[in-house]
Amino acid sequence: MPDLAGWEDLAEREDRVGIHPGDPILLSPDYRIDEVLSRYLCRSSFARLAPETKRNYTDDYCLFFDFLWGRGKTWREATADDLWDFEDWRTRSLRNPRRVGGSRWNRGLAALVRLYEWAVQREHVAVSPVLMRSITGLSGQSVLVPAARSKNARASEVRWLTPRAFRLWAEVGLRGYGADGLPSPGWAGRLADRNAAFADLLFSSGVRLTEGASLLTVDVPQLRLEGGRYYVGRLARVVTKSKRARTFYASSVVVGEIEGYIESSRARVVRRAQVLGRYDGLPMRLVTHETGRHRRALHWRDRHGVVGQTPLAEATVAERMSLFTEGPAGPEPLWLWLNESGLPFRPASWEGVFRAANERCEAVLSPVMSEPPFCTPHMCRHSFALVMLVVLNHVMDRRMGLTPEERRDFRLLYGDPWRMVQDLLGHAQLETTKAVYLAPVADLQLRSLLADFVPAGGPVSEPELTALFARLARESEGIQDLDEHLVAR
């Protein structure tokens, strides 16, 4: 039986020195903890970074520290020569089989700049190993940047899937289908309905991984008897990258998938967790009721009887994981996506789900197609943007049968399709939408591309859009579609 008093004492000590759940703790190869480094990771501005940024920066620190350790040095003994040698090994040296490009190198360099600026200010090191140089900024002002900063960094490594390529990837990788389109005998995929519903949500709505992964059951739009093709949801300000609340649109099919998951496998793992007592010792805020319509607030009490309320729009990822509601058989998490133990499935864990699906697609489909589809959570967002731009242009140009003059009036009244997609993605800058997410179609005349398929005033049909996406995939780099010989099978 574990010594709970000891654990409580440890929790108190961690809270006293500023170590919180999720904070990284680094060990040197001789199993020592650097007190100064721990203070930086837990008490500096680093601790206020987004969870994904903290995770990425921590990986970058480990790589540099291991490189220094091989030279008999700690991070506080690094020199500018060490950093230049690290840059050569990381980006160019043939001795490194896993070299990285300019974007990845610049991310790691930004992490080191943050660490060593903090260390110099607090006199833990005399001088930073990251040399800086002055450049002229966009407004003519002088800006300091790292001298080792790569000049050939790509803005983003963007890839897309056509709708049919995504469907094949999900069916094979997540649902366990074979290349023949039938369920594979003996498929032992765990929580396949959860995984497929999550991937479909990302592809259907364009929400980011953390945004979709941190939804609560009360955030999910409810299917209505009168139907509708799309349902409106709301993302909390604190979980979005822009830190602005945003509306998202989920298709009725996806909302139905999520409801099916809630009523089946999710209910099953919750019930099992209740029977096994997995919720009994957890720090819990039990939601008693909800108030407000436009400014919703969750009223709760914790295990110590403390009563409080949290505006739903202000609930952080960590807070959302601690929220429960009283179900028929006991407390149930409000966190939508649960693991097999009935506990919140952390946003970072979805990367492993997508990785496993890619491996299965490669194993199952490589005998029948030259390039099996692969997908990442962010590729779902890229692909959503591409699909929406094509469909919006299709609707505007063909289905509505607008003349050039009418189309101009429509743009003035409702906005350009580019800006509609920008709003759906929550981008602050239109150029991000154009230059990064939608590069395959940024320079194409969509009106001429679409003109071949539907006469003015005609309906939008899936075969015609499929033909258009196939054509875009042939003419643009980075779009995954299906091999024609596989389609014909």
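In the predicted model, strand E6 (residues 285-291) and strand E9 (residues 323-327) run in the parallel sense and pair over 3 bridges. Within strand E9, threonine 325 is the residue that stands opposite valine 287. On pairing with strand E10, strand E9 takes the antiparallel sense, and this pairing extends over 4 bridges, one of which has proline 331 in E10 as the partner of glutamate 326. The connection from E9 to E10 is a hairpin that passes through 2 residues. These pairings belong to an open sheet of 5 strands, in which the order is E8-E7-E6-E9-E10 and the pairing is mixed. Strand E8 (307-311) and strand E10 (330-333) each have a single partner strand and therefore stand at the edges, one side of each being left without a neighbour in the sheet. From one strand to the next, the twist averages 45°.

The chain as a whole contains 19 helices and 11 strands, and 45% of its 489 residues are buried. When contacts are restricted to residues at least 6 apart in sequence, 62% of them join residues at least 24 apart.

The largest nonpolar core comprises 61 residues, of which Phe166, Trp169, Leu201, Ile258, Trp337, Trp350 and Cys375 touch the most other members. With neighbours within four places in sequence left aside, the contacts of phenylalanine 166 are Leu161, Ala199, Asp200, Phe203, Cys375 and Cys380. Another core, of 31 residues, lies apart from the largest one, and its members include Leu26, Leu41, Ala78 and Tyr116.

Among the helices, helix H3 (residues 51-69) allows a check of its geometry: at 1.5 Å a residue, its 19 residues should span 27 Å, and because the C-alpha atoms at its ends are 27 Å apart, the expected and computed values agree. The buried residues of H3 are Lys54, Asn56, Tyr57, Thr58, Asp60, Tyr61, Phe64, Phe65, Phe67 and Leu68. The cover over these buried residues includes helix H2 (35-43), helix H4 (80-91) and helix H5 (102-121). As background to such patterns, an α-helix has 3.6 residues a turn, so residues three or four places apart point the same way.

A further point of detail concerns a pair of residues in two helices. Serine 265 is located in helix H9 (residues 252-276), whereas aspartate 193 lies in helix H7 (residues 192-205), and their side chains are joined by a polar contact of 2.8 Å. Serine 265 has a relative accessible area of 2%, which means that this residue is buried, the limit being under 20%. Aspartate 193, by contrast, has a relative accessible area of 29% and is therefore classed as partly exposed. Beyond four places in sequence, serine 265 is in contact with Leu191 and Asp193, while aspartate 193, under the corresponding exclusion, touches Tyr261, Ser264 and Ser265. Leucine 174 is 19 residues from aspartate 193 along the chain, and the C-alpha atoms of these two residues are separated by 8.3 Å.

Terms used
Residues are numbered from 1 along each chain as its sequence is written. This is a predicted model: local features need pLDDT of at least 70, side-chain atom pairs count only at pLDDT 80 or more; totals for chains, interfaces and linings use all residues. Side-chain values use heavy atoms; hydrogens and water are left out. A nonpolar core is a set of buried Ala, Val, Leu, Ile, Met, Phe, Trp, Tyr and Cys residues joined through side-chain atoms within 4.5 Å. Buried means under 20% relative accessible area, exposed over 50%, partly exposed in between (1.4 Å probe, protein chains only). Contact means heavy atoms within 4.5 Å. Two strands pair if DSSP finds at least two bridges between them. Axes are lines fitted to C-alpha atoms, for helices over the stretch in contact, and angles run from 0 to 180 degrees between N-to-C directions. The expected span of a helix is 1.5 Å times one less than its number of residues. A polar contact is a pair of N or O atoms within 3.5 Å; within protein, one must be able to donate a hydrogen and the other to accept it, and residues adjacent in sequence count only if both atoms are side-chain atoms.
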